[in-house]
Amino acid sequence: MLDWTDRHCRFFHRLMTRRAMLYTEMVTAPAVIHGPRDRLLGFSEAEHPVALQLGGSDPAELAQAVRLAEPYGYDEINLNVGCPSDRVQSGCFGAVLMERPSLVADCVAAMIAESPVPVTVKCRIGVDEQEPSEVLPAFLETVAAAGVRHFVIHARKAWLQGLSPRENREIPPLDYPLVIAMKRRFPELTICLNGGVGSLTQAEALLAQGLDGIMIGRAAYNEPELLLEADRLWGEEPPRDLAAVLADMRPYISAHLEGGGRLHQITRHMLGLFAGRPGARHWRRILSEGAARPGAGLALFDEALEAVQPRAA
Ligand SMILES: Cc1cc2nc3c(=O)[nH]c(=O)nc-3n(C[C@H](O)[C@H](O)[C@H](O)COP(=O)(O)O)c2cc1C
């Protein structure tokens, strides 16, 4: 998620789930080609499995981005056909591509030709005045014919005019039955649903209706402890408990600080921990006020922890 997630967030999330696929925020193909590549694409081995999400609409550029990303060892490459922001529309990236399935097919064909790992697509159910029950199956059919086997569908339309990106994640109504119907119509495709899923119980109920996967965005970021139970969806025990997650963040934080990084670059992803528990406000306040200050380190992290989990006397 642009401006929210990064490699530090993924490292933290990966401590809580071995099985969930983690996605990068969208990185545009031109940024991969011309930008600070290591900073945009670098990640730690501990984060696997990780999908790189690319944005773009030029098949040659996307193919080049896939080629340049290959040495970084991503486990999946995902094309963004869902982002409604103006910035993105002017470059013809993201949700506006729902109107151009054959261009998306050309893009993914070019990407697949360069990619040693699966190329997947994240899309909406439609945009603007499109009729989702007509355009979504046509879109899936066209893009699947170019070789994509795995789709993540944000189960709401994007309005390209008049709604902000934030409103476009809240106002257009969710249509889960349509996404479930797509799995029935295309049983050979992997169909994952995204949008508005706030708990693993809800995810489990949707999986029981035949879907292959559930992508959780805001709830996982805002209440990361949700991820501690995620591996149960695969019938597995969580990899560690919260105390062990916090303990395992310490060496990661130390290494980051020693490399010249700031504490808040990591702890900003952890502010949602302890939600609803006594002291959670102190945890958030201590870290949000102090972690960006020069010199803030593990002592501040411990102070915040102390506020939320006072040691037994
Ligand atoms: C701050 C923010 C940034 C986002 N950036 C991306 C992005 O880079 N790529 C993408 O496919 N979706 C992005 N999204 C959309 C989410 O992936 C997801 O589709 C949407 O929030 C609905 O799912 P949720 O209700 O589980 O959050 C972003 C969402 C937020 C809140």
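In this predicted model, helices H11 and H14 cross in a right-handed way. H11 covers residues 242–258 and H14 covers residues 298–308, and the two pack at an angle of about 160 degrees, with 11 Å between their axes. Angles over 145 degrees count as roughly antiparallel, so that is the label for H11 and H14. On the H11 side, the residues that meet the partner helix are Leu246, Arg250, Ile253 and Ser254, while H14 brings in Leu298, Phe301 and Leu305. Sorted by class, the residues of this contact come out as 5 nonpolar, 1 polar and 1 charged.

A second helix pair tells its own story. H7 (residues 132–145) packs with H8 (residues 176–185) at an angle of about 40 degrees, and their axes are 11 Å apart. H7 and H8 are therefore oblique to each other. As for handedness, H7 goes past H8 in a right-handed crossing. H7 makes the contact through Pro132, Ser133, Leu136, Pro137 and Leu140, and H8 answers with Leu178, Met182 and Arg185. Here the split by class is 6 nonpolar, 1 polar and 1 charged.

Next comes the domain layout. The protein chain divides into domain 1, which runs over 7–234, and domain 2, which runs over 242–308. Measuring from C-alpha centre to C-alpha centre, the two domains lie 30 Å apart. They do touch, though: 12 residues from domain 1 and 12 residues from domain 2 take part in the contact. On the domain 1 side, the elements that give two or more residues to the contact are helix H1 (7–14) and H10. H1 supplies the largest share of that side, with 4 residues. The classes on this side of domain 1 are 8 nonpolar, 2 polar and 2 charged residues.

That leaves the ligand. Its surroundings are made up of 21 residues, and the closest are Met1, Leu2, Met26, Gly217 and Arg218. Two elements give two or more residues to this shell, namely strand E1 (22–28) and helix H10 (218–222). H10 thus turns up in two places, in the shell around the ligand and on the side of domain 1 that touches domain 2. As for the make-up of the shell, there are 8 nonpolar, 8 polar and 5 charged residues around the ligand.

How values were computed
Residues numbered from 1 in each chain as written. Predicted model: local features only at pLDDT ≥ 70, side-chain atom pairs only at ≥ 80, totals over all residues. Near = placed C-beta within 6 Å. Nonpolar A, V, L, I, M, F, W, Y, C, P; charged D, E, K, R; others polar. Domains from an automatic or database assignment. Contact = placed C-beta atoms within 7 Å. Axes fitted to C-alpha atoms, helices over the stretch in contact; angles between N-to-C directions. Parallel < 35°, antiparallel > 145°, perpendicular 65-115°, else oblique. Left-handed = near helix turned anticlockwise from the far one by under 90°.
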